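Hello,

Here is the structure I promised to pass on to you. Have a look at it first, and then read on for what turned up.

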There are 2 protein chains.
Amino acid sequence: MKIALVKTVAIYGLFLAGLTYLLALIKFKFLVRDLSVEFYVGMVALLFTALGVWMGSKLVRKKREPVEQFVMNESARDHLGITSREIEVLTLMSAGHSNEEIAGQLFLSLHTVKSHVSHILSKLDVNRRTQAVEKARSLHLIPKSGSSLV
Amino acid sequence: MKIALVKTVAIYGLFLAGLTYLLALIKFKFLVRDLSVEFYVGMVALLFTALGVWMGSKLVRKKREPVEQFVMNESARDHLGITSREIEVLTLMSAGHSNEEIAGQLFLSLHTVKSHVSHILSKLDVNRRTQAVEKARSLHLIPKSGSSLV
DNA sequence: GCGTGAATCATACTTTGGAGTGATGCCCCC
DNA sequence: GGGGGCATCACTCCAAAGTATGATTCACGC
């Protein structure tokens, strides 16, 4: 994470240096002091401002993008003793599926699904599936609504 | 919204112009062509890059901050014909409350709550409360989980 | 090899949810 | 002043969810 940031900054730094050199070169090769210095400076300022905006937005976006994607809160899961199979059931529950639909999708009997759901409810210390989904989301055991899963 | 953005850009543009003028002035007043042009250009480039980064991050942040807070999707609500009372029930449903609990909190009979819930389900075109909550969230009829409400 | 725990399926039972239908009072609007 | 939508309450019926308890199989670890 931190290394990637430093690398990005370094790359932009090198890019900046190269661009500066190039500009100076162009000035001496082709413009030969004929153009006003103010105009030249203005061009440089514009160019580097644009570069700065680009670089800044790139850095900011790098910092924010990972917030969107889901990472499982493993410690909470382990602490509550919730198994991977229960997470599967929980995920389908959160999509609004009935026990019977979950049974169909996971190739289980309705009994087994009910058993899993019961365990989930007791482990999350709630007594309704809707509450279980709420709690699981707030504990980052399952993604927020709207996220796509396989 | 859009006006504020334009205003911000205009202010930064003016600031840029002023800074350019100031730099040119300084060059002619005090450095008098003694310093190498490359060094001068480098300074300008650095300064304006920094300005660009600042400006860029400012603009990006302006765009992202309001995303956090909840705004009701009025058009969707009106289009589906969902009433304010139904939104109240929906909100409590989304917190995982049972019909009886909702009845208690809103000082209603269980029958009335069931009636509201039925209307909500048919208006949202679903047949389970968990799905209704999912759909209502995705339509921005109710806040995402974790948001605080009165 | 024996205990432990996950995953599976089962039976029996209670509670909650949801569909269908209908009634009443209220307010707004033509 | 009558129709329409909303909010409220009511009753029935069936489906789904949840509780309780327990059996079986399998894998893992000491």
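Which atom of A:Thr112 is 2.8 Å from a phosphate oxygen of DNA strand C? The partner is an N or O atom in the side chain of A:Thr112. I call such a pair a polar contact, that is, a pair of N or O atoms within 3.5 Å; within protein, one must be able to donate a hydrogen and the other to accept it, and residues adjacent in sequence count only if both atoms are side-chain atoms.

Before the rest, some housekeeping. This is a predicted model, in which local features need pLDDT of at least 70 and side-chain atom pairs count only at pLDDT 80 or more, while totals for chains, interfaces and linings use all residues. Residues are numbered from 1 along each chain as its sequence is written, chains are lettered from A and ligands numbered from 1 in the order in which they are written, and side-chain values use heavy atoms, with hydrogens and water left out.

**DNA strand C**

Around DNA strand C there are 16 residues, and the closest are A:Thr83, A:His111, A:Thr112, A:His116 and B:Lys114. Here a residue is near a strand if one of its heavy atoms lies within 4 Å of it. Of the atoms of DNA strand C that come within 4 Å of the protein, 69% are sugar and phosphate.

Besides A:Thr112, two residues of chain A reach phosphate oxygens of this strand. A:His116 does so with a polar side-chain atom, at 2.8 Å. A:Ser109 uses a backbone N or O atom, at 2.9 Å.

The surface near DNA strand C takes at least two residues each from α6 of chain A and α6 of chain B. Helices (H or I, at least four residues) and strands (E, at least two) are DSSP runs, numbered from the N terminus. By class, this surface has three nonpolar, nine polar and four charged residues. For these classes, Ala, Val, Leu, Ile, Met, Phe, Trp, Tyr, Cys and Pro count as nonpolar, Asp, Glu, Lys and Arg as charged, and the others, Gly among them, as polar.

**DNA strand D**

DNA strand D has 16 residues around it, of which A:Lys114, A:Arg129, B:Thr83, B:Arg85 and B:Thr112 come nearest. Sugar or phosphate makes up 66% of the atoms of DNA strand D within 4 Å of the protein, and bases make up the rest.

Which part of A:Arg129 is 2.8 Å from a phosphate oxygen of DNA strand D? A polar backbone atom of A:Arg129 is. A:Asn99 also offers a polar backbone atom, 3.1 Å from a phosphate oxygen of the strand. From chain B, a polar side-chain atom of B:His116 lies 2.9 Å from a phosphate oxygen of DNA strand D. The elements that give two or more residues to this surface are α6 (110-123) of chain A and α6 (110-123) of chain B. The surface near DNA strand D has three nonpolar, nine polar and four charged residues.

**Helix packing in chain A**

A:Asn99 also appears where α5(A) meets α6(A): A:Asn99, A:Glu100, A:Ile102 and A:Ala103 touch A:Leu110, A:Val113, A:Lys114 and A:Val117. Contact means heavy atoms within 4.5 Å. The axes of these two helices come within 8 Å and cross at roughly 110°; axes are lines fitted to C-alpha atoms, for helices over the stretch in contact, and angles run from 0 to 180 degrees between N-to-C directions. α5(A) and α6(A) are therefore roughly perpendicular to each other. Angles under 35 degrees count as roughly parallel, over 145 as roughly antiparallel, 65 to 115 as roughly perpendicular and the rest as oblique.

Helix α4 (residues 84-94) of chain A packs against helix α5 (residues 99-106) of chain A at about 125°, with the axes 10 Å apart. That makes α4(A) oblique to α5(A). On the α4(A) side the contact includes A:Arg85 and A:Glu88, and on the α5(A) side A:Ile102 and A:Gln105.

Best wishes
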